[in-house]
Amino acid sequence: MVVTATLTTSEELREVYRDVRFIFESYPREAENIRRLALEVKTGIEATDPLIQEMTSEVCPHCKSSNCTNLNGRFDWCDLIYLAALGLELPPFRDGLRDEEPCQFLSERGCILTRAMRPHRCNWWYCEPLLEVIEKWPPRKQRMFISSIEKITQTRKRMCNEFKEIQDGVRKAG
Ligand code: SF4
């Protein structure tokens, strides 16, 4: 079971990230396949980028209500496993921000995080106008995009389930 609750304070993020990194540093051989799965997720996200750029460049310039809110910019436990598996640092995180306020990672020139670094909930949140663009795509292109997203989501789930097995084993061993 993958824990998807978001972490809302910088202290919480640092604490959970420390625990996650401990597993990668202390059990490198056991964590090897998790690193491989994380790389597969990253490669998958980067492969979808051109299609996402295509649809957002069509929709977002005309958008009146940005979906870039703090709610979408929150990392969950699985995101931290992904970042730690790739040896990436946590982006600096500000506390006390309301969910509905503009996302802390949003700059005048767009998001300061690369797509592969963004929280899963942000990458896979599609508003109605974006879904309408996908629906207008030729069926083969739609199928290709949707199966890419499904594969990324499944691989991410496997990655976190495997991590949880190791972490539970370590905790049981005490
Ligand atoms: S992480 Fe970036 S893309 Fe995602 S909501 Fe925040 S600013 Fe927008």
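Buried means under 20% relative accessible area, exposed over 50%, and partly exposed in between. The legends below concern a predicted model.

**View 1. Aromatic pair of Phe22 and Tyr27 in the predicted model.** Tyr27 has a relative accessibility of 27% and therefore counts as partly exposed. Its partner in the pair, Phe22, is likewise partly exposed, with a relative accessible area of 42%. The two rings, Phe22 and Tyr27, meet edge-to-face, 6.4 Å centre to centre and with 75° between the planes. A search of the whole structure finds seven aromatic pairs.

**View 2. Edge-to-face pair of Phe75 and Phe105.** The ring centres of Phe75 and Phe105 are 6.1 Å apart; the planes stand at 75°, so the pair is classed as edge-to-face. This contact links distant parts of the chain, 30 residues apart. Phe75 belongs to the loop between helix H2 (32–59) and helix H3 (77–85), whereas Phe105 lies in the loop between H3 and strand E1 (106–107). With a relative accessible area of 1%, Phe75 is buried. Phe105, at 3% relative accessibility, also counts as buried.

**View 3. Aromatic cluster of Phe24, Trp77 and Phe163.** Ring pairs join these residues, Phe24, Trp77 and Phe163, into a cluster.

**View 4. Confidence of the prediction along the protein chain.** The protein chain has an average pLDDT of 91, and 97% of the residues score at least 70. Confidence is highest in helix H3, at 97, and lowest in strand E2 (residues 110–111), at a mean of 88. Where pLDDT is low, predicted coordinates should not be read in detail.

How values were computed. Residues numbered from 1 in each chain as written. Predicted model: local features only at pLDDT ≥ 70, side-chain atom pairs only at ≥ 80, totals over all residues. Heavy atoms only, no water. Phe/Tyr/Trp six-rings, centres within 6.5 Å; stacked < 30°, edge-to-face > 60°. Buried < 20%, exposed > 50% of the residue type's maximum accessible area, 1.4 Å probe, protein only. Helix = DSSP H or I, 4+ residues; strand = E, 2+ residues; numbered from the N terminus. pLDDT = per-residue confidence, 0-100.
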